[in-house]
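Hi everyone, thanks for making time this morning. I'd like to walk you through one structure, going from the whole chain down to single residues.

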Amino acid sequence: MFNLPFKNSPFLENISPEIIFEDDEILVCVKPSGVLSQKENSNEDSLLELFPDRPPLHIITRLDRRVSGLVLLAKNPESAANLSEQLKQKQIIKKYKAIVGQKPEKELQTLTHWLSKTNTKAKASKTESESAKKAVLSYKVSQSSERYHLLEITLETGRFHQIRCQLAAIGSPILGDLKYGFKRSSPDGSIFLQAYALAFFHPKNKELITFEINPPKVWEKYGF
């Protein structure tokens, strides 16, 4: 762990990513909640600005600002091209965990929706539409506490706010996700969604690499 100041955001001054793995080709880190994966405008800092001592990094897997978890970055254009192609060919596996207050009707299910984007939010429909993109994920209920339920999620597609929108569409919005229907914000402002597992082929030696992390500390309060 290390701390580097963000030049534009006092809120982010004491936030730092944990580096899980690094070599000459790639860097894998844990993005904290509250940090952009990549700049949206010149007035905001992002995950990339936390690594000023390295050559320009290429972000391969992105997470929403309020989502935490594993992020993959490439350290040169050649590795970036290789990993981007893996992502396109669905060879990069990303798995998530989420806490919900309303347990889904089924313990195990594959969800298929068509998502359309309106401003900063996605809308899910069960009806196919030319203006919407097909979104598919699978989940299972892996654990339950007295009031909450832990889901493990595997994405088959990567759409804007996909997990948040699809879970809300079945009546199980993610804890803390006010935008998609949860009634209360979380203590730290995060939504309880984490990219906890990542697998891909190393761009240089072609070996399969897998990573997995534990849930954020704040999740313990909710039984996980």
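I'll begin with the overall fold and then visit a helix and several individual residues.

Please keep in mind as we go that this is a predicted model. The chain has 2 helices and 11 strands. If you read along from the N terminus, the order is β-β-β-β-α-β-β-β-β-β-α-β-β. The radius of gyration is 17 Å, close to the 17 Å that the globule rule gives for 224 residues, so the chain is as compact as a globular protein of that length. Along the principal axes, the C-alpha atoms fit a box of roughly 45 × 35 × 35 Å.

How much of the chain is buried? Of the 224 residues, 46% are. As for the contacts with a separation of 6 or more, 59% of them join residues 24 or more positions apart. On the outside, the chain exposes about 11,900 Å², and carbon and sulfur atoms supply 47% of that. For those of you who think about charge, there are 32 positive and 26 negative charges, and their mean positions are 7 Å apart.

Now let's turn to helix H2, residues 162–169. Why do I call this helix largely enclosed by the rest of the structure? Because 6 of its 8 residues are buried. Those buried residues are Gln-162, Ile-163, Arg-164, Cys-165, Gln-166 and Leu-167. What covers them includes a whole set of strands: S5 (93–100), S6 (108–118), S7, S8, S9 (149–155) and S10 (193–201).

Both sides of that helix are worth a stop. Just ahead of it, in the loop between S9 and H2, you'll find His-161. Most residues other than glycine have a negative phi. His-161, though, has a positive phi of about 55° and is not a glycine. With a relative accessible area of 9%, His-161 is under the 20% cut-off and therefore buried. On the other side, H2 is followed by Gly-171, which also has a positive phi, near 85°.

One more backbone angle while we're here. Lys-90 sits in the loop between helix H1 (77–88) and S5. Its phi is near 60°, again a positive value in a residue other than glycine. Is Lys-90 buried or exposed? At 56% relative accessibility, Lys-90 counts as exposed.

Next, the loop that runs between H2 and S10, which holds Ser-172. Ser-172 is buried, with a relative accessible area of 1%. Which backbone oxygen does its side chain reach? That of Gln-102, at 2.7 Å. Setting aside residues up to four places away in sequence, Ser-172 touches Val-100, Gln-102, Lys-103, Pro-104 and, from H2, Leu-167.

Gly-176 belongs to that loop between H2 and S10 as well. At 0% relative accessibility, Gly-176 counts as buried. Outside its neighbours up to four places away, Gly-176 touches several residues, among them Arg-66, Phe-182, Arg-184 and Ile-191. Gly-176 and Glu-128 are 48 residues apart along the chain, and their C-alpha atoms are separated by 29 Å.

Let's look at Ser-68, in strand S4 (residues 68–74). Its relative accessible area is 10%, so Ser-68 is buried. The contacts of Ser-68 beyond four places in sequence include Lys-31, Pro-32 and Ser-33, and also Leu-193, Gln-194, Ala-195 and Pro-216.

My last stop is Lys-126, in the loop between strand S7 (121–125) and strand S8 (133–144). Its relative accessibility is 60%, over the 50% cut-off, so Lys-126 counts as exposed. What does this lysine touch, leaving aside neighbours within four places in sequence? Lys-126 is in contact with Thr-112, His-113 and Trp-114. A polar atom of the Lys-126 side chain lies 3.0 Å from the backbone oxygen of Thr-112. Looking farther along the chain, Lys-126 and Ser-186 are 60 residues apart, with 30 Å between their C-alpha atoms.

So that's the tour. If you take one picture away, let it be helix H2, with 6 of its 8 residues buried and cover that includes strands S5 to S10. Thanks for listening, and I'm happy to pull any of these residues up on the screen.

How values were computed. Residues are numbered from 1 along each chain as its sequence is written. This is a predicted model: local features need pLDDT of at least 70, side-chain atom pairs count only at pLDDT 80 or more; totals for chains, interfaces and linings use all residues. Side-chain values use heavy atoms; hydrogens and water are left out. The radius of gyration is taken over C-alpha atoms; the globule rule is 2.2 Å times the number of residues to the power 0.38. Buried means under 20% relative accessible area, exposed over 50%, partly exposed in between (1.4 Å probe, protein chains only). Contact means heavy atoms within 4.5 Å. Accessible areas come from the Shrake-Rupley method with a 1.4 Å probe; for residues, only the protein chains shown count as cover. Lys and Arg count as positive and Asp and Glu as negative; His and the chain ends are not counted. The place of a charge is taken as NZ of Lys, CZ of Arg, CG of Asp or CD of Glu. A polar contact is a pair of N or O atoms within 3.5 Å; within protein, one must be able to donate a hydrogen and the other to accept it, and residues adjacent in sequence count only if both atoms are side-chain atoms.
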